[in-house]
There are 2 protein chains.
Amino acid sequence: MLSKNEVKVIQSLCHKKQRQKEGLFIAEGVKLVEEIIQSDYRVKKIFATEKWQSESNPKNLITTVVSDDELARISSLQTPNQVLAIVHQPTSTELPQISRNLTLVLDGIQDPGNLGTIIRISDWFGINQIICSHQTVELYNPKVIQATMGSFLRVKVFYAELKSVLENANVPIFGALLNGQTVYGISKPEEGIILIGNEGQGINKELLPLITNPITIPKIGGAESLNAAVATGIILSHLCKV
Amino acid sequence: MLSKNEVKVIQSLCHKKQRQKEGLFIAEGVKLVEEIIQSDYRVKKIFATEKWQSESNPKNLITTVVSDDELARISSLQTPNQVLAIVHQPTSTELPQISRNLTLVLDGIQDPGNLGTIIRISDWFGINQIICSHQTVELYNPKVIQATMGSFLRVKVFYAELKSVLENANVPIFGALLNGQTVYGISKPEEGIILIGNEGQGINKELLPLITNPITIPKIGGAESLNAAVATGIILSHLCKV
């Protein structure tokens, strides 16, 4: 049974300000919540249907059992899926090591679905660190978390001022542009940064001079551009292929 | 000024049944509507703000001028963008020629954003014909049309019973699977079908025996799968690269 106050708390966590204040975020669905429970993340509270409580609940955690109607009321999903968890945000850590690594750097990705999908792509290709500009959508936005399909548990996502990150990187910086070298001919770098720009505006002007290796996906047909997540997938598939 | 009846007509076109009955669909936004006006598509009616009417309107078409509030009321976009058009669906044509062409075949893509993005990718890589199973989301769903970013004007999309299409194709059929040959080593086919399955279920069981060339995107990290549109982008970039 849901209290009015619980509904209010969950709804408040749809707002970035409140998520940051409380250090919490929301995750939903059988698969995702179970992956979180099995991870190092600390779960604060679980709301689940009777079915989840009796058939799933891998560590037998204390659960507030809710009806399907109650779940629908607190869920952000089109099709609510048995369980919603309130999870602690891990305390933020120092920026990752850039040398001897591949790092994905995102300059102002705005769409939550795109960021989540990019984290999932990064995970697929074994890139486990992403640095985002402060203008990039927040990791703990519920739509980002859901779109990662659990990959945020394996890929570390940081936020930083990109200019100083790139200036101090001392590794090749591959920037996705419309007029770079074709991405098809490049062999896998041992270390480097792959820089992806905003959906509409591309990479920020002040970062352009810091790109050492401009790359591009050659266009054959008529479309003006590719979706940012799709472009990231194509670039990583060519740069990371073994 | 919008009449109640006009609002009702526009809202009714959010439903597939009504779109099919009327042979109409909706497109929104300055860029998309202008591309449609410049194309062979027949525009039935335009609703636009004073700004669009005076600054854009490339062919000086008759427009129902609406206020920002009125546009917000009929728009499906989060940020309505000056203009909404009701457009005639072209009368459907025969299936395209499969031989001496590359054809993308979609088996049950469900998410409108994915279908729209796939049409845009297809356009980028110069593949101008797509055949969808009847279980695939409808082309004229407003979310599909918006996600194509105008590429539906250049890529022909057909719906058909896939089994008979594939049985009669007589070209290589590349099927995206989790356990095929790596897509990295394949050289550009002169003709062929590239078959992509449903987001969750993959390719329908009854189509699997018809695949002549099973292909896969090798996984390096931990993600279980890639988004269907991202996978399509990666596969096309490797198969179509010149």
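1. Before looking at the sheets, one term: two strands pair if DSSP finds at least two bridges between them. Strands of a sheet pair through backbone hydrogen bonds, either parallel or antiparallel. Keep that in mind as you read on, and remember too that this is a predicted model.

2. Let's start with chain B. It has an open sheet of 4 strands, and the pairing is mixed. Reading across that sheet, the strand order is 1-4-2-3. Which strands stand at the edges in chain B? They are strand 1 (24-28) and strand 3 (64-65), and each has a single partner strand, so one side of each is left without a neighbour in the sheet.

3. Now zoom in on one pairing in that sheet. Strand 1 of chain B runs antiparallel to strand 4 (residues 83-88) of chain B, and 5 bridges link the two. If you want a spot to click on, try B:Ile26: across from it, in strand 4 of chain B, is B:Ile86.

4. Chain A has an open sheet of 4 strands with mixed pairing and the order 1-4-2-3. At its edges you'll find strand 1 (24-28) and strand 3 (64-65) of chain A, which pair on one side only. Further in, strand 2 (residues 43-48) and strand 4 (residues 83-88) of chain A pair in the antiparallel sense over 5 bridges. A:Ile46 and A:Ala85 face each other there, with A:Ala85 sitting in strand 4 of chain A.

5. Step back and take in chain A as a whole. Its secondary structure adds up to 9 helices and 10 strands. The C-alpha trace spans about 60 × 40 × 30 Å along its principal axes. Is that chain compact or extended? A compact globule of 242 residues would have a radius of gyration near 18 Å, and chain A, at 20 Å, agrees with that. Of its 242 residues, 42% count as buried. Take the contacts in chain A between residues at least 6 apart in sequence: 76% of them join residues at least 24 apart.

6. How do the two chains relate? Turn chain B by 180°, with 0.0 Å of shift along the axis, and it superposes on chain A with an RMSD of 0.0 Å. That is the relation of a two-fold axis. The copies meet through the same surface, because 100% of the interface residues of chain B are also interface residues in chain A.

7. The contact itself takes 27 residues from chain B and 27 residues from chain A. On the chain B side, helix 6 (112-124) and helix 9 (228-239) each supply at least two residues. What kinds of residues make up that side of chain B? The split is 13 nonpolar, 8 polar and 6 charged.

8. B:Leu226 is a nice residue to explore here. You'll find it in the loop between strand 10 (213-216) and helix 9 of chain B. Is B:Leu226 buried or exposed? It is buried, because 24 other C-beta atoms lie within 10 Å, and 20 or more is the cut-off. Leaving aside neighbours within four places in sequence, B:Leu226 is in contact with A:Ile121, A:Trp124 and A:Gly233, as well as B:Ile217 and B:Ala231. The C-alpha atoms of B:Leu226 and B:Pro80 are 31 Å apart, with their places 146 residues apart along the chain.

9. Last, the largest nonpolar core, which has 140 residues. Those that touch the most other members are A:Ile194, A:Leu195, A:Ile235, B:Ile194, B:Leu195 and B:Ile235. Not counting residues up to four places away in sequence, A:Ile194 touches A:Leu102, A:Leu104, A:Val105, A:Phe174, A:Ile235 and A:Leu239.

Methods:
Residues are numbered from 1 along each chain as its sequence is written. Chains are lettered from A and ligands numbered from 1 in the order in which they are written. This is a predicted model: local features need pLDDT of at least 70, side-chain atom pairs count only at pLDDT 80 or more; totals for chains, interfaces and linings use all residues. Copies are superposed by least squares on the C-alpha atoms of residues with pLDDT of at least 70 in both. Two residues are in contact if their C-beta atoms, placed from the backbone, lie within 7 Å. A nonpolar core is a set of buried Ala, Val, Leu, Ile, Met, Phe, Trp, Tyr and Cys residues joined through C-beta atoms within 7 Å. A residue is buried if 20 or more other C-beta atoms lie within 10 Å of its own, exposed if 12 or fewer, and partly exposed in between; C-beta atoms are placed from the backbone. The radius of gyration is taken over C-alpha atoms; the globule rule is 2.2 Å times the number of residues to the power 0.38. Ala, Val, Leu, Ile, Met, Phe, Trp, Tyr, Cys and Pro count as nonpolar, Asp, Glu, Lys and Arg as charged, and the others, Gly among them, as polar.
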